[in-house]
Amino acid sequence: VVLMDGENNIWFARIGLGVARLLDRAVVYYASEEGQQQDVEAICVNGHDAWFGAAGRILHVRKDDLRRVDTLDARSGLPEDHISALETGPGGGLWAGTDENGLYKQEAHGHFVNVPLANDLLSRKVHGLARRGNAIWVATSNGVYIVDSTRTRHLTTENGLMHNQMNAVLTDTRGQVWLACNNGGVSVVRNDTVRSFTLTQQGNAYHVTGIAQDASGTMWFST
């Protein structure tokens, strides 16, 4: 996972190797509070706070002092599952996606509660989270869910998406939501209009696994 924060620092979550940050052209590596590297699968940065999703827990640090780590785990209501996606909500609380147990929302007292999406197993596999306005967009193996305070909407191939296997989601600086999926598919949602296209090279479509936007506004896709 690669994330650019508001100060143009680039963060890397690395399976088996913990977290790294590109800071002033130097790469800084960070270990966990036990001194061991983590299987970090998700990153979220908001202001001076950063969160890292690992197996069964979320590690929280302040960017100005990464030596002090707070741990959120089963005692905070999280399941014994890999934390696969993180995002901050409109009220400042944290949202967490998991590999097998769906979506979780942090309430005002700090405890996490499950947010039901659907009963099928594919909808419980969360691969990415993004916020647009007051809504959280949830990329799953069964399309994308849009969750706000009043309702939950569901977009699939029937709504114009290229594939129901959503691998990543990103809100760009214009408020458009980009969705990466299998078979080379990329979908862009602006207001209620879905526009989709395929990334190919020499006639071969790629599975798109990630999306990023740089400081100049250019969109980048990993395959």
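Confidence in this predicted model averages a pLDDT of 82 over the chain, and 80% of the residues reach 70 or more. That confidence varies along the sequence. Strand β10 (residues 94-98) has the highest value, with a mean of 97, while strand β4 (residues 26-30) has the lowest, with a mean of 47. Residues 33-37 also call for some care, since pLDDT stays under 50 there. For that stretch the model has 11 contacts beyond four places in sequence.

**The chain as a whole**

What is the secondary structure made of, helices or strands? The chain has 24 strands and 0 helices. Of its 223 residues, 46% are buried. Among contacts with a separation of 6 or more, 37% join residues 24 or more positions apart. The exposed surface comes to about 11500 Å², with carbon and sulfur atoms supplying 46% of it.

**Two buried strand residues**

Let's start inside the strands, with Ile58. Ile58 sits in strand β7 (residues 57-62) and has a relative accessible area of 0%, so Ile58 is buried. Who surrounds Ile58? Leaving out residues up to four places away in sequence, Ile58 touches Trp51, Phe52, Asp70, Thr71, Leu72, Leu78, Ile83, Leu86, Leu94, Ala96 and Phe112. One of these partners, Ile83, lies 25 residues from Ile58 in sequence, with 7.3 Å between their C-alpha atoms.

Val186 belongs to strand β19 (residues 185-190). Val186 counts as buried because its relative accessibility is 0%, and the cut-off for buried is under 20%. Beyond four places in sequence, the residues that Val186 touches include Met162, Trp178, Leu179, Cys181 and Arg195. Ser196, Phe197, Leu199, Val208 and Phe221 are also among the residues touched by Val186. The C-alpha atoms of Val186 and Met166 are 9.4 Å apart, and the two residues are 20 positions apart in sequence.

**A loop with two buried residues**

Now to the loops. Ser141 is in the loop between β14 (135-140) and β15 (143-147), and Asn142 is in the loop between β14 and β15 as well. Are these loop residues buried or exposed? Ser141 has a relative accessible area of 8% and is buried; Asn142, at 16%, counts as buried too.

Setting aside neighbours within four places in sequence, Ser141 is in contact with Leu122, Lys125, His127, Asn164 and Gln165. On the same terms, Asn142 contacts Asp120, Leu122, Ser123, His154, Thr156 and Asn164. Leu122 and Asn164 therefore appear in both sets of contacts, where contact means heavy atoms within 4.5 Å.

The table gathers C-alpha distances for the four buried residues described here.

| Residue pair | Separation in sequence | C-alpha distance |
|---|---|---|
| Ile58 and Ile83 | 25 residues | 7.3 Å |
| Ser141 and Arg124 | 17 residues | 7.8 Å |
| Asn142 and Val126 | 16 residues | 9.2 Å |
| Val186 and Met166 | 20 residues | 9.4 Å |

**An exposed loop residue with a positive phi**

Asn191 is placed in the loop between β19 and β20 (193-198). Is Asn191 buried or exposed? Asn191 has a relative accessible area of 58%, over the 50% cut-off, so Asn191 is exposed. The backbone deserves a look as well: Asn191 is not a glycine, yet its phi is positive, at about 55 degrees. Most residues other than glycine have a negative phi.

**The second largest pocket**

One more place to visit is a pocket. Rolling a probe the size of a water molecule over the atoms shows where empty space is left. The second largest pocket has a volume of about 200 Å³. Which residues are closest to its centre? They are Gly89, Pro90, Gly91, Trp95 and Lys105, out of 13 residues that line the pocket. By class, the lining of this second largest pocket holds 7 polar, 4 nonpolar and 2 charged residues.

Terms used:
Residues are numbered from 1 along each chain as its sequence is written. This is a predicted model: local features need pLDDT of at least 70, side-chain atom pairs count only at pLDDT 80 or more; totals for chains, interfaces and linings use all residues. Side-chain values use heavy atoms; hydrogens and water are left out. On a 1 Å grid over the protein atoms alone, a cavity is a set of points where a 1.4 Å probe fits but cannot get out, and a pocket is an open set with protein on both sides within 12 Å along at least five of seven lines; lining residues have an atom within 4 Å of a point. Grid points are joined across faces, edges and corners, and a volume is the space filled by probe spheres set on the points. Ala, Val, Leu, Ile, Met, Phe, Trp, Tyr, Cys and Pro count as nonpolar, Asp, Glu, Lys and Arg as charged, and the others, Gly among them, as polar. Helices (H or I, at least four residues) and strands (E, at least two) are DSSP runs, numbered from the N terminus. Buried means under 20% relative accessible area, exposed over 50%, partly exposed in between (1.4 Å probe, protein chains only). Accessible areas come from the Shrake-Rupley method with a 1.4 Å probe; for residues, only the protein chains shown count as cover. pLDDT is the predictor's confidence in each residue, from 0 to 100.
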